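Work through the exercises below with the model open beside you, and try each task before reading its solution.

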Amino acid sequence: MSKCGEHALVIGASMSGLLAARVLSDAFARVTVLERDELGDSGEPRRGAPQGRHAHGLLASGARALERLFPDFAADVEAAGGKRSDLAADGLWHNFGGFLHTGASDLQGLLLSRPALEALVRRRVRALPNVSLIDRRDVIALAHESGRVVGVAHRSAGASDPAHTTSADLVVDASGRGGRAPFWLDGIGYRTPVEERIEVEIAYTTRVFRRKPGDLEGREVVLVAANSSNWRPAAMLSQEGERWVVTLGGYFGDRAPEDLEGFRAYARSLATPEIYETIAEAEPVGAAASYAFRASQRRRYEKLKSFPAGFLVIGDGLASFNPIYGQGMSVAASETLALQELLAEGTHDLARRFFAAAAKVIDTPWSLAASADLAHPAVKGPRPAAVRLVNWYIERLYKAGHSDAALAHAFLDVANLVAPPASLFRPTVVARVARARLGRSERRRGLSALPA
């Protein structure tokens, strides 16, 4: 790739910021990442990523993207104690009264705690000869001249020392959903993007337990979706150190307790007993952690008619999703690949081109999460006939997928963001759903009824 400029600057060493730095390193002579938190080499949770203590796994699309950006990255994950997992064969996906049919697939995900995964990516980025990561720096403003962002003003995090301005040919804001890009844009005379919100009011609590070799007959993932029969979602994922990370969710004031007895009792109330049965006698590791998430948020930068040259927003600053669906890191990785392709064509009109491409990346996970969230009667938002019809159809497809391997894999391709939702409406798929005998597809709950 030909060089697009002398210096690119990234605000935030989040996952999206690190991946952006990797891509920019091919297109610019130098790349600087400014991060507010202190960055160590260990995989410890940091203040700027509060969800790091909760269940994280990388969907197949995200795993493929990281492998493309960092060759042999999956081997790094395994060396760190994580796992490369067939998410169809090694996972239990429960919804609408049963598990999806399991079987071998090419949906390879990565199972590693979020802090450890971020540490691996940070190590790869630090190894790039033209990238500098500078921590404990707080970006306070954009430097702007004649319709173009030309750098940022920053100072020591949490301090009041005089600001220092660093010039850049391109500034990428990867500081997350709480980033100040709209405020900065308003300050230099630009309109701020329209914001879409879906108020989900979800809270979740996480505990870690020792994992025994015989747990769940060797399976590594349990995902329990919420629906009208039980609005308590949950995830249990294998992590490094032979541990289970267990995250239990609840909507609108329903919250899993942090104490061990209360946590286990909440797990027992889930729609299927596998998680409870696994942790009922398991050894707890460390303290519980809780997190509350008020609303999914999408900022429609692609609809702005005017935007300064030399500036982009990426990652959660564009869209942040109900975290129970596990889409964030994979979406950020896909946005980064889109940026990589666009930089190959140069930086002319880059903001307009990137925001249009990112919107296409976001459309699928946003529609999947929004449709699922709007099935909850207390979630506020428009429910046009099309959304109700899609939810009605997906429920029937999922139930048929309890026993139909082809339908199960079709659904998992979409859930892992490797196929568009439209693929679930192909004539062959619709025909299989129509033929399904739903009464016989319901599986009994419990380990004796785990899918083959």
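**Exercise 1: the surroundings of one helix**

Identify elements that cover the buried residues of α6. Solution: the cover includes β12 (195–210), β15 (243–251), α7 (274–279) and β16 (284–299), where contact means heavy atoms within 4.5 Å. The buried residues of helix α6 (residues 260–268) are G262, F263, R264, Y266 and A267, buried being under 20% relative accessible area with a 1.4 Å probe and protein chains only.

This is a predicted model, in which local features need pLDDT of at least 70 and side-chain atom pairs count only at pLDDT 80 or more, while totals for chains, interfaces and linings use all residues. Residues are numbered from 1 along each chain as its sequence is written, and side-chain values use heavy atoms, with hydrogens and water left out.

**Exercise 2: a helix pair**

Describe how α8 and α9 are arranged. Solution: begin with the axes of α8 (residues 328–343) and α9 (residues 350–373), which come within 9 Å and cross at roughly 150°. The two helices are therefore roughly antiparallel, a term for angles over 145 degrees. Next, V331, S334, E335, A338, L339, L342 and L343 of α8 meet L350, R353, F354, A357, A358, V361, I362 and P365 of α9. The residues of this contact divide into 12 nonpolar, one polar and two charged.

**Exercise 3: one residue**

Decide whether T364 is buried or exposed. Solution: T364 lies in helix α9, and because its relative accessibility is 19%, T364 counts as buried. Apart from neighbours within four places in sequence, T364 is in contact with L417 and P421.

Terms used: Axes are lines fitted to C-alpha atoms, for helices over the stretch in contact, and angles run from 0 to 180 degrees between N-to-C directions. Helices (H or I, at least four residues) and strands (E, at least two) are DSSP runs, numbered from the N terminus. Angles under 35 degrees count as roughly parallel, over 145 as roughly antiparallel, 65 to 115 as roughly perpendicular and the rest as oblique. Ala, Val, Leu, Ile, Met, Phe, Trp, Tyr, Cys and Pro count as nonpolar, Asp, Glu, Lys and Arg as charged, and the others, Gly among them, as polar. Buried means under 20% relative accessible area, exposed over 50%, partly exposed in between (1.4 Å probe, protein chains only).
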